[in-house]
Structures are given as structure tokens and as C-alpha cells.
Amino acid sequence: MFTNFFYTCKAKGLDISLTEWIALHDAMNKNLCGSSLTGFYYTARAILVKSETDFDKFDMAFEECFKGIKTENTITDRMLEWLDKSEMQELLHEEERYWLNQVEDMHVDKEDVEQKFKDRLKEQDSEHNGGSYWIGTMGKTQFGNMGGNIGGIRVGGSTGYQSAFAVVGARKYKDFRDDKMLDNRQFQMAFRKLRQFSSKLDIPKTELDINGTIDSTCNNGGFLKLEWERPRKNAVKLLLLMDSGGTMIPFTKLLNELFQAIHKSNHYKDVKSYYFHNCIYAKMYKTPECENGDWVDTDWMFRNVDSDYKVIIVGDAAMAPEELYSKTGNYRGPNGGLSGEEWLLLLKQHYKKVVWLNPKMAPGEAPWREAETAVKKMFPMYKLTVEGLNEAMVKLMTK
Amino acid sequence: MKTNFKSTGEYIASEELMASVNIAAALEKPLLIKGEPGTGKTMLAKAVSEALGKKLIVWNIKSTTKAQEGLYTYDTIQRLYDGQFGNEGVDDIARYIKLGKLGEAFDSEDQVVLLIDEIDKADLEFPNDLLWELDQMEFYIYETKRTVKAKHRPIVIITSNAEKELPDAFLRRCIFHYIDFPDEALMEEIVKTHFPDIEETLLKNAMQVFYEIRSYSQLRKKPATSELIDWLNAMMIGGVNPEKIKAELPFVGVLIKKDEDLDIVRKRVD
């Protein structure tokens with residue numbers, strides 16, 4: 001039933017498994033949808049969608065599948081009329097024409113629909129006395145909720161609901177979509193990911209497991225037997241390198257919030273942050289103002305910030321080619337005898353885990369952005385959105 | 001099993017939420033509730049238990065909570081002591097098995113409402129450790145070789161503040177509901193269940209300021225329903241002139257908890 005809806009949801013990026021799909025059918029069997037499209041909308045959403053970030057995707061899939069069924073109430077009246085009268089054939093034509101018009105925009109084969117419609121009318125004649133036939137009728141996908149009306153079950157009976165399409169059309173969950181640009185709270189959530197993965201770290205068992213020791217000692221006839229466990233502390237160390245100024249100015253607020261979020265999530269073992277302008281060269285600035293003199297040597301950073309720090313570079317990677325490839329490409333400070341590209345490669349060699357977050361990354365291949373393409377080859381680059389940040393965090397934690 | 005949850009005298013639920021509760025009860029699956037802090041996630045379980053006339057068992061999750069604690073604990077230390085002092089009944093392990101909240105819910109003679117509060121506080125693996133138990137509503141006590149099986153499947157309500165992502169396998173078994181922040185009409189209804197005879201102008205002016213403050217995007221912590229209720233209560237006790245709410249922001253500390261936010265609000269309202 002509704003198999004096309006299942007696949008539309010899948011196509012929109014909702015991760016639905018058979019377990020949930022069967023649960024939805026179970027719900028329909030138990031008539032939890034209240035025989036209305038709106039009821040179906042809420043039931044399906046509660047069962048199929050597991051995060052408010054996915055509501056928008058669900059809304060769009062729902063709209064795509066059921067849009068042809070907007071005229072819920074008028075159909076009810078017509079159908080009831082039809083049920084009262086006996087001149088079926090005449091009305092059938094009228095209904096047929098009406099439906100053929102309706103389904104046109106759903107790209108359905110006309111003859112197919114006609115046939116289905118006739119079949120269904122036949123079935124209903126014998127079934128509608130039997131009571132709740134609605135779900136069965138729902139199977140004739142293109143007609144959706146209509147069956148409910150014919151079967152004599154109340155439509156839209158659960159008052160107080162917003163119509164499903166009013167909800168869908170408003171796309172009120174758009175803000176929750178996780179491919180949207182981030183705000184501070186969402187940043188913090190994302191950085192918490194680094195904590196949650198930390199319990200999986202492969203570190204030696206160094207803490208005394210008191211409960212385990214007691215259990216083992218008791219099992220050992222009262223002779224002490226020590227048990228050890230892995231510490232539950234977060235061992236993650238972060239090095240944050242941020243591009244500041246120039247083309248990054250439009251994203252100042254965003255970067256500021258990212259910075260705040262990292263420092264607020266005080267569960268890391270250590271956080272260090274430095275700034276750069278456009279590209280990384282011989283000096284790393286201590287403040288976002290990037291003032292000459294207020295810096296450390298990039299070599300010094302390599303020596304003092306171990307290679308097991310996880311590095312997050314934030315920048316738009318929009319350097320001019322000479323800024324990346326020329327040994328004198330740094331127009332703000334010293335190049336240290338190496339080009340920007342060489343410095344980036346040094347960084348890549350030194351640190352085991354590096355990700356690049358880009359607030360305005362081009363989707364897919366973008367050969368016209370030469371520097372961005374070059375940097376992408378060196379570091380895994382993610383767009384600075386909830387989704388991108390989450391992916392980046394996973395990348396940082398996995399081997 | 002037919003359960004029907006409606007708003008109670010104390011708790012106003014949206015139609016959507018009521019439908020979700022009823023779906024979860026009918027399908028016998030746990031209901032996972034997410035939503036902004038202060039939208040009444042925890043209150044829901046209380047309201048459900050009252051509306052259905054069933055006992056409420058609350059299992060508060062902390063960062064150190066382990067799944068096993070919810071099932072049962074085996075008090076080995078007590079047994080060791082008892083053994084050393086030769087107390088009676090040491091042979092009987094069952095004496096040292098104490099059921100946790102989940103165990104209690106399963107073992108209850110009547111159907112209960114079980115609230116697993118703030119499940120995201122616990123360790124990452126916590127929800128996965130409960131998959132079987134929540135699915136089958138039974139668990140096995142190894143020490144006594146006894147299976148505790150739910151006599152009546154409890155109505156399980158789980159709340160989460162989305163601090164951690166919950167594992168997919170766990171989510172698949174849940175009915176999900178996100179509590180939207182109530183709009184003004186619903187909020188008015190909620191307030192009136194708490195203060196049935198609140199002065200209209202006070203409520204109107206306070207709500208206006210409240211929703212305006214909520215619209216400031218820079219706020220670190222937006223005030224929520226519970227803060228509004230406290231604020232109204234404070235103003236009613238303090239006898240504030242409703243006309244001056246906007247200008248003076250009396251007791252604003254009840255509404256806004258952070259210094260930085262307080263500055264933002266003061267500046268904006270001026």
C-alpha cells in the first residue's frame with residue numbers, strides 16, 4: 001500500500017526501514033488515522049520521521065504524492081450524493097471525467113486510472129456496508145483518501161487539526177532542515193558529537209572498575225581480584241584554524257558563533273585556536289584581527305601542538321592562484337620560503353586528522369574555483385551547515 | 001487495548017500530540033518526545049498517567065546511568081556482608097536482587113505509564129542496551145534465572161533534549177513527536193489552566209512582551225512556557241501595573257536567566 005509514497009520519502013532522503021513501514025500499516029489497520037488524509041499525515045509522520053530536521057523532507061514527499069487529492073470535501077459531498085441515488089452510470093461518467101482531470105498532473109496512465117476507478121466502484125458497492133473499508137481503498141493509491149468518504153467513515157472528523165496541506169504548504173519545519181546554515185545552538189550540538197564518539201576511543205584500561213572488582217572478588221570466593229576499565233573522559237584535543245578578514249567578512253558572525261560554540265563545549269581535553277588570512281603561511285595569528293607581530297611561527301605550532309590534535313580549518317578557500325602557488329604570494333606577512341600550497345601540505349603531513357569547513361563551498365566539482373578545487377584535493381572539505389559539520393565531526397572521529 | 005488521551009485540566013496538549021500518544025499506545029511502541037526546553041515534555045507523562053488513571057513510574061536518566069540499573073541490581077556487597085556475619089538467607093540470591101524502574105514497570109500488576117526522562121543525557125550506547133527490553137518488554141535475571149516479563153505492556157514515554165543523537169536502531173522502534181513551541185492562542189489556554197482568573201490586560205501585555213523577547217534571535221536561552229508561568233505568577237503576587245510591563249520589565253530575571261541576554265533584552269525594549 002502506498003508503495004510510491006515509501007519510495008518518494010526515500011528519494012527525499014528520509015531513512016525509512018521496513019520496520020517503520022509495517023508499523024504504519026499496523027496503525028492504519030487499527031484505524032488510527034481517523035480515516036482522514038490529515039490524520040494519515042500526522043500518523044505517518046509520527047511513525048516514519050524520527051527527527052524534526054526531517055519534517056521538511058517528509059512534508060515535501062507528502063505533497064508530491066498526495067497533492068492531487070486537495071478537494072477532499074467536495075468529493076465527500078458528491079460521493080454521498082451518489083450513494084443516495086441509484087443512477088450510478090450517469091454519475092460515474094461525471095466522476096470519471098473529474099478524476100481524469102485531477103490525475104493528469106500526477107503523470108498516471110489514463111486508462112489505468114479509469115480501470116482502477118471502475119474496479120474500485122464495484123468493490124465499494126459490495127463493501128461499504130461492511131464498515132471500515134477505508135484502508136483497503138487507500139490501496140488504490142491515486143484515489144487516496146477518497147475511499148474513506150465512500151465507505152461512510154467520517155472525513156476530517158478529528159476537528160482542530162490543521163489540514164495536512166495547510167501544514168505541508170507552510171513548510172514550517174524548513175528551519176529545522178539540517179542542510180541549513182547554522183546558528184550557535186546547532187553548532188554546540190554538532191560539537192557534542194566529538195564527545196559522543198570519544199567513548200569508542202581505543203585507550204588503555206587505566207581506571208579501577210569498582211563494581212567489576214567487587215563482582216569478581218565475590219565470585220573469587222572473597223579474594224581480591226582487580227578489574228580495570230577505560231576512562232570515560234573525553235580525550236579529544238582540537239586545533240581550530242580560522243580564516244579571518246577579506247572574503248570571510250560576510251561570515252564573521254558565523255565564525256564568531258562557531259568559536260563560541262567550541263569554547264562553550266568545555267568537554268575537550270584541550271582546544272587551541274589560531275587565525276590566518278586567506279591561506280596558511282609562516283605565521284599563525286593569535287587574534288582574528290590578524291595584526292602583524294601578534295603571531296606565532298607556524299613551525300612553532302607544529303612543534304607545540306602535537307599531531308594527535310584534531311584540526312578544523314574554517315575558510316572559504318577562495319585564494320588567488322598566486323596566493324596558493326607563489327613563494328611570495330603572501331601579501332600580508334612572510335612566506336617563509338614556501339608557497340601557501342606547501343604550507344598546507346606540511347600541515348596535512350603533520351596532523352593525522354584534518355577537516356576543512358567552508359561556508360560557501362560550491363556543490364560538486366567547481367573547476368572555475370581553482371584554489372577551492374586544489375584545497376579539496378588536500379583536505380576533506382565540508383560545507384558549513386549542520387549536515388556538513390556533522391559529517392566533518394564523524395570524519396574527525398573515524399579512522 | 002483502547003486508550004484515549006485528551007488534554008487534562010492541568011495539561012493542554014495539541015491535537016497532534018494527543019494523536020501521537022494514542023498511536024504509541026495502540027501500537028505498543030515507546031513515544032519519543034523532543035522539543036525546546038520548557039515545552040512540557042516531562043509534564044506530558046504525568047498528564048497521560050492522570051488522564052488514563054494509571055500509575056506513573058519515572059526513570060530519570062543522568063550521564064552516569066547505565067541501562068542495567070533500570071532492569072535490576074544485584075547487591076553483592078550486602079550479600080558479602082551478610083555472608084561474613086552469617087546472617088540468614090544468604091543462600092537466597094533473590095533477596096539481593098532489586099528491580100530498577102523498568103523492572104518495576106514490567107513487574108507491576110496493573111498497566112503503568114513509564115517515563116524515561118532525558119534519555120540523551122546517558123552514554124551513547126544506553127538506548128541500544130535497552131532495545132530488546134523495550135521491544136519484548138522482558139528481561140532475564142541471570143543470578144536467579146528468572147525472566148521478568150511485563151504483565152501489561154507499559155505505556156513508555158521517552159523525552160530527549162537532543163543533546164546527543166540517538167541510535168537509528170532505537171529510533172526505528174519509537175513513535176516520534178516534536179513539541180512545537182505553543183502559539184499565542186494555545187499559550188493563553190495553557191496559562192489559564194494555571195491561573196484561571198488572571199487579569200486579561202496583564203496576560204495580554206505580558207504575552208506580547210514575551211513573544212517579542214522570544215523573537216530576538218541573539219538570545220542564548222529563549223524563555224519558554226515554564227518561565228512565562230513563573231513570570232506571570234511573580235507579577236501577580238507582586239501586584240504589577242499591567243500598563244507598565246513593557247516599559248519597566250518587572251521581575252525580568254525570572255524570564256531571562258543569562259546576563260548577556262538581559263542586556264540584549266533591556267536594549268531592545270527601550
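## Terms and overview

Helix axes are lines fitted to C-alpha atoms over the stretch in contact, and the angle between two of them runs from 0 to 180 degrees between N-to-C directions. With that convention, the axes of α2(A) and α3(A) cross at roughly 145 degrees and come within 9 Å; this pair is taken up again below.

The structure is a predicted model. Chain A contains 18 helices and nine strands, while chain B contains 14 helices and nine strands. Of the 399 residues in chain A, 36% are buried; for the 270 residues of chain B, the share that counts as buried is 33%. Among contacts with a separation of 6 or more, residues 24 or more positions apart account for 68% in chain A and for 75% in chain B.

## Helix pairs in chain A

Two packed helices are described by the angle between their axes and the distance between the axes. The crossing of α2(A) and α3(A), introduced above, is right-handed. From α2(A), the residues A:Glu20, A:Ala23, A:Leu24 and A:Ala27 meet A:Thr43, A:Ala44, A:Ile47 and A:Leu48 of α3(A). By character, the residues of this contact comprise six nonpolar, one polar and one charged.

A second pair is formed by helix α1 (residues 3-11) and helix α4 (residues 55-66) of chain A, whose axes come within 9 Å and cross at roughly 140 degrees. The crossing of α1(A) and α4(A) is right-handed. On the side of α1(A), the contact involves A:Asn4, A:Phe5, A:Thr8 and A:Cys9, and on the side of α4(A) it involves A:Phe58, A:Ala61, A:Glu64 and A:Cys65. Five of the residues in the contact of α1(A) with α4(A) are nonpolar, two are polar and one is charged.

## The buried face of helix α16(A)

Helix α16 of chain A covers residues 340-350, and its buried residues are A:Gly340, A:Glu341, A:Trp343, A:Leu344 and A:Leu347. Viewed down the axis of α16(A), these buried residues fall within an arc of 160 degrees, so they line one face of the helix. In general, an α-helix has 3.6 residues a turn, so residues three or four places apart point the same way.

The elements against which the buried residues of α16(A) pack are α14 (298-304), α15 (321-325), β8 (353-358) and α17 (370-378), which belong to chain A.

## Two partly exposed glutamates of chain A

A:Glu229 is located in strand β2 (residues 228-229) of chain A. A:Glu229 has 14 other C-beta atoms within 10 Å and is partly exposed, because a residue is buried only with 20 or more such atoms and exposed with 12 or fewer. Leaving aside residues up to four places away in sequence, A:Glu229 touches A:Lys205, A:Glu207, A:Asp209 and A:Gly212. A:Thr206 is 23 residues from A:Glu229 in sequence, and the two are 6.2 Å apart in space, C-alpha to C-alpha.

A:Glu257 belongs to helix α13 (residues 252-264) of chain A. A:Glu257 also counts as partly exposed, with 18 C-beta neighbours inside 10 Å. Along the chain, A:Glu257 and A:Gln188 are 69 residues apart, and their C-alpha atoms are separated by 9.3 Å.

## The parallel sheet of chain B

Five strands of chain B form an open sheet in the order β2-β5-β8-β1-β9, with parallel pairing. The edges are held by β2 (55-60) and β9 (175-179) of chain B; each has a single partner strand, so one side of each is left without a neighbour in the sheet. From one strand to the next, the twist averages 20 degrees. Strands of a sheet pair through backbone hydrogen bonds, either parallel or antiparallel.

The edge strand β2(B) runs parallel to β5 (residues 112-117) of chain B and is joined to β5(B) by six bridges. B:Asn60 stands opposite B:Asp117 in β5(B). Helix α1 (residues 15-27) of chain B lies across β1 (31-35), β8 (155-160) and β9 of chain B, and its direction is at about 165 degrees to β9(B).

## The contact between the chains

At the interface, 25 residues of chain A are in contact with 25 residues of chain B. On the side of chain A that touches chain B, α2 (18-29), α3 (37-48), α11 (184-196) and α12 (210-219) each supply at least two residues. The element that gives the most to this side of chain A is α2(A), with five residues. The residues on this side of chain A divide into eleven nonpolar, seven polar and seven charged.

Notes. Residues numbered from 1 in each chain as written. Chains lettered and ligands numbered in written order. Predicted model: local features only at pLDDT ≥ 70, side-chain atom pairs only at ≥ 80, totals over all residues. Helix = DSSP H or I, 4+ residues; strand = E, 2+ residues; numbered from the N terminus. Arc of directions from axis to C-beta. Contact = placed C-beta atoms within 7 Å. Nonpolar A, V, L, I, M, F, W, Y, C, P; charged D, E, K, R; others polar. Pairing = 2+ DSSP bridges. Left-handed = near helix turned anticlockwise from the far one by under 90°.
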